[in-house]
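Student: I would like a close look at one part of this model, namely the surroundings of a single side chain. Please start from its contacts and work outwards.

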Amino acid sequence: MTQHLTDEELSELLLDRSPGFNPHLATCSSCRAEQERMRRVLGELPALTHIVAKNTDAFWELQRASIWANIDSVGPRKFPALAWASVAAVLVAATLLISIAPTVPPRAQADSDHELMIQLERTLQSEVPAALEPAALLAREITQNSQLNSPSPDQKKESSHEN
């Protein structure tokens, strides 16, 4: 069984002025009947607009008054008791969930406090402030290199006697 044409597809075929062949319309009597019904309605539209255009302003005033009377007679809607009970039940459940939920200290705060304590301990144990640690490291390396490259005092005496 093939799928029937949608209203949009039927409308496009109706509005298409070029005579085109649609294989589905050729085989489906239901879609052909719907397309014919649409064609009849479109054909009656001009006559209906002429009839409606002949209505006087008095007719439209009566129409408007009738609509407003129907709106006023309905009155305001009342919120049913079941809806109020549902809202109250949801509020009670939310309150219970909030009050029963365990309060756990945030893990990130505990970690950051621990890291801060570790950094404080390292700073207190070091001889140099943290901001000057790179400079102190560089000074140590320079000192070590200069000691390795400089001649010992014995070597200095020997080299001075050779002259």
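Tutor: Take Q35 as the starting point: leaving out residues up to four places away in sequence, Q35 touches L10, L13, L14 and L25. The model is a predicted one, and every value below is computed from it. Q35 belongs to helix α3, which covers residues 29–53. Is Q35 buried or exposed? With a relative accessibility of 11%, Q35 counts as buried, because the limit for that class is under 20%.

One of the residues touched by Q35, L14, can be followed further. Neighbours within four places in sequence aside, L14 is in contact with Q35, M38, R39 and L42. L14 is also a member of the largest nonpolar core, which has seven residues: L5, L10, L14, L25, C28, C31 and M38. Helices α1 and α3 each contribute at least two residues to this core. Three of the residues on the contact list of Q35, namely L10, L14 and L25, are therefore also core members.

The core includes C28 and C31, which raises the matter of disulfides. In general terms, a disulfide is a covalent bond that links the sulfur atoms of two cysteines. How many disulfides does the structure hold? The number is zero. C28 takes part in no disulfide, and the nearest cysteine sulfur to it, that of C31, lies 3.6 Å away. Why is there no bond between C31 and C28? The sulfur of C31 is 3.6 Å from that of C28, which is too far for a bond, because the two sulfur atoms would have to be within 2.5 Å. Both cysteines are nevertheless covered: C28 is buried, at 9% relative accessible area, and C31 is buried as well, at 2%.

Next comes R39, which is on the contact list of L14. R39 is partly exposed, with a relative accessible area of 41%. The side chain of R39 meets that of E36 in a salt bridge, with 3.4 Å from N to O. Side chains of opposite charge can pair when their charged atoms come close. E36 and R39 are both in helix α3 and lie three residues apart, about one turn of the helix. E36 is partly exposed too, at 35% relative accessible area.

Helix α3 carries another such pair: R37 forms a salt bridge with E34, and their closest N and O atoms are 2.6 Å apart. Where do R37 and E34 sit relative to each other in helix α3? They are three residues apart, so about one helical turn separates them. R37 counts as partly exposed at 38% relative accessibility, and E34 also counts as partly exposed, at 24%.

The count of salt bridges comes to three. Besides the pairs just described, R64 is bridged to E61, with 2.8 Å between the closest N and O atoms. R64 and E61 are in helix α4 (residues 57–74), three residues apart, again about one turn of the helix. Here R64 is partly exposed at 44% relative accessible area, and E61 counts as partly exposed at 45% relative accessibility.

L42, also on the contact list of L14, leads to the surface. L15, L42 and L45 make a nonpolar surface patch of about 290 Å². L15 is found in helix α1, residues 7–15. L15 has a relative accessible area of 58%, so it is classed as exposed, the limit being over 50%.

Finally, the setting of this region. The protein chain has eight helices and zero strands, and its pattern along the sequence is α-α-α-α-α-α-α-α. Of its 163 residues, 7% count as buried; Q35, C28 and C31 are buried at 11%, 9% and 2% relative accessibility. Among contacts between residues at least 6 apart in sequence, 38% join residues at least 24 apart. The accessible surface of the chain is about 14,900 Å², and carbon and sulfur atoms account for 62% of that area.

Notes. Residues are numbered from 1 along each chain as its sequence is written. This is a predicted model: local features need pLDDT of at least 70, side-chain atom pairs count only at pLDDT 80 or more; totals for chains, interfaces and linings use all residues. Side-chain values use heavy atoms; hydrogens and water are left out. Patches are made of residues with over 30% relative accessible area and no salt bridge: like charges are joined within 9 Å, nonpolar side chains (Val, Leu, Ile, Met, Phe, Trp, Tyr) within 5 Å. Accessible areas come from the Shrake-Rupley method with a 1.4 Å probe; for residues, only the protein chains shown count as cover. A salt bridge is a side-chain nitrogen of Lys or Arg within 4 Å of a carboxyl oxygen of Asp or Glu. Helices (H or I, at least four residues) and strands (E, at least two) are DSSP runs, numbered from the N terminus. Buried means under 20% relative accessible area, exposed over 50%, partly exposed in between (1.4 Å probe, protein chains only). Contact means heavy atoms within 4.5 Å. A nonpolar core is a set of buried Ala, Val, Leu, Ile, Met, Phe, Trp, Tyr and Cys residues joined through side-chain atoms within 4.5 Å.
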